[in-house]
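Biologist: I would like to learn how to read a ligand site and a strand in a model. Could we take them in turn?

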Amino acid sequence: MVDAHQTFVIVGGGLAGAKAAETLRSEGFTGRVILICDERDHPYERPPLSKGYLLGKEERDSVFIHEPAWYAKAQIELHLGQPAVHLDPVAKTVRLGDGALIVYDKLLLATGAEPRRLDIPGTGLAGVHHLRRLAHAERLRGVLASLGRENGQLVIAGGGWIGLEVAAAARTYGAEVTIIETAPTPLYGVLGPELGGLFTELHREHGVRFHFGARLTEIVGQDGMVLAVRTDDGEEHPAHDVLAAIGAAPRTALAEQAGLDLVDREGSSGGGIAVDSGLRTSDPYIYAAGDVAAADHPLLDTRLRVEHWANALNGGPAAARAMLGQAVSYDRVPYFFSDQYDVGMEYSGYAPPGSYAQVVCRGDVAKREFVAFWLAPDGRLLAGMNVNVWDVTETIQGLIRSGRPIDPAALADPEVPLDSLLP
Ligand SMILES: Cc1cc2nc3c(=O)[nH]c(=O)nc-3n(C[C@H](O)[C@H](O)[C@H](O)COP(=O)(O)OP(=O)(O)OC[C@H]3O[C@@H](n4cnc5c(N)ncnc54)[C@H](O)[C@@H]3O)c2cc1C
């Protein structure tokens, strides 16, 4: 049992950090819990920032993970608007931006990720945006509304989830949208060409223009305002605003400064703090969870950094249990969801291009009501995506977990209940 006089410190007040704090208390930890976050807002959920909140359909209050009063009730000491600027793993201290020194017994790094920046001329112009924080979403909401009123042009660099969701929101506001993407389809790195094309069609139907196989080289401006963007194939697109949605980089600065093991940024996980399957870093008193953690995945037998909501939701609590000395083997099947226009989807598993031998679908792909399955060369299910089909995630994850070859014909046949394929 953990000593009640201990102090557990959490750096990062996103979903992983807030859920870790909640779990420490629900598991009966009575020591001090200190949550440090450089944002001034109480911990909040990010998915609405590119969906309902961006569209003005959800209230600001709805994005917060807990009511502000909950933290005091749960005796979580909050340091908001304060970055942790130095970590000394020998003295077991964290120094905050205001100079305060906090001593910990155990520490959780839940510092998340930050938007990658375009490294080209013109990124300092007023009309260049990123989307990670509430304040970004509030600003972008105003921008989209005014582009919509004036038939303005939004150029989005990157056809990933955030780029596509913002494109859908922008079209809903009535803005003109062009997506510039280096790959041949949106979401190429996650879905591959077979299913990436589905999202091209969806967005084209809603009036989005794509420019594939190209990279932005310059944002052209005048008097501080964006006028156009240029690409490496010599094209120019008019633009009033630009959203850089080219991925996120894990916030590892503190871990790096403290000498913790990190994962190579050029590798498939895109960097991150290296943790074992119990979410422990190379320092036995420091853990990491959420977007920043690159964890040994016991089920997938690889090191994986998952930048998705469910991983923060479940990884934060798993790290909290590990901090309390419980045996933890974090082996959740990676999962994420997205909503664009009237299409909702969920994806479970991990099947980057090159890892799978075939994709089979059950249902009506043309009507966008189907489930897609990515199969390994030996017939195992690597991943499944349900599009406007619901309540199948548990079964898909069970099939992935089984690790057994599955008959592709049975997967594709809607007459064969999916459950019947479970071992
Ligand atoms: C716009 C948007 C839409 C998304 N939509 C979806 C979706 O539809 N589905 C899905 O599965 N996932 C989605 N995600 C991803 C999901 O939100 C993230 O995976 C999740 O937020 C990760 O949580 P986290 O707690 O690990 O990190 P974060 O949410 O990034 O929180 C980390 C916090 O730590 C703070 N911090 C960092 N360094 C320090 C420091 N040194 N000192 C103090 N504080 C620090 C940061 O400012 C931040 O507040 C979306 C993300 C974004 C940005």
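Modeller: We go through the ligand site, then one strand and its neighbours. Keep in mind that this is a predicted model.

Biologist: How many residues surround the ligand, and which are the closest?

Modeller: A residue joins the shell if one of its heavy atoms lies within 4 Å of the ligand. Here 36 residues surround the ligand, and the closest are Asp38, Glu39, Arg46, Lys51 and Arg132. By class, the shell divides into 17 nonpolar, 9 polar and 10 charged residues.

Biologist: Which helices and strands each supply at least two residues of that shell?

Modeller: Among them are helix 1 (15-26), strand 2 (32-37) and helix 4 (161-173). Helix 7 (309-323) and strand 22 (335-340) also belong to that list.

Biologist: What polar contacts does the ligand make?

Modeller: Look for pairs of N or O atoms within 3.5 Å. A polar side-chain atom of Arg46 is 2.6 Å from a ligand oxygen. The backbone takes part too: an N or O atom of Ala84 lies 2.9 Å from a ligand nitrogen, and a polar backbone atom of His308 lies 3.2 Å from a ligand oxygen. As for cover, the ligand alone exposes 990 Å², of which the protein buries 95%.

Biologist: Now the strand. Are the residues of strand 7 buried or exposed?

Modeller: Check each face. In strand 7 (residues 106-109), Lys106 and Leu108 point one way, Leu107 and Leu109 the other, and all are buried.

Biologist: Which strands run parallel to strand 7?

Modeller: Strand 1 (residues 7-11) is joined to strand 7 by 4 bridges and runs parallel to it, with Ile10 opposite Leu108. Strand 19 (residues 286-288) is also parallel to strand 7, through 3 bridges, and there Leu108 stands opposite Tyr287.

Notes:
Residues are numbered from 1 along each chain as its sequence is written. This is a predicted model: local features need pLDDT of at least 70, side-chain atom pairs count only at pLDDT 80 or more; totals for chains, interfaces and linings use all residues. Side-chain values use heavy atoms; hydrogens and water are left out. A polar contact is a pair of N or O atoms within 3.5 Å; within protein, one must be able to donate a hydrogen and the other to accept it, and residues adjacent in sequence count only if both atoms are side-chain atoms. Accessible areas come from the Shrake-Rupley method with a 1.4 Å probe; for residues, only the protein chains shown count as cover. Ala, Val, Leu, Ile, Met, Phe, Trp, Tyr, Cys and Pro count as nonpolar, Asp, Glu, Lys and Arg as charged, and the others, Gly among them, as polar. Buried means under 20% relative accessible area, exposed over 50%, partly exposed in between (1.4 Å probe, protein chains only). Two strands pair if DSSP finds at least two bridges between them.
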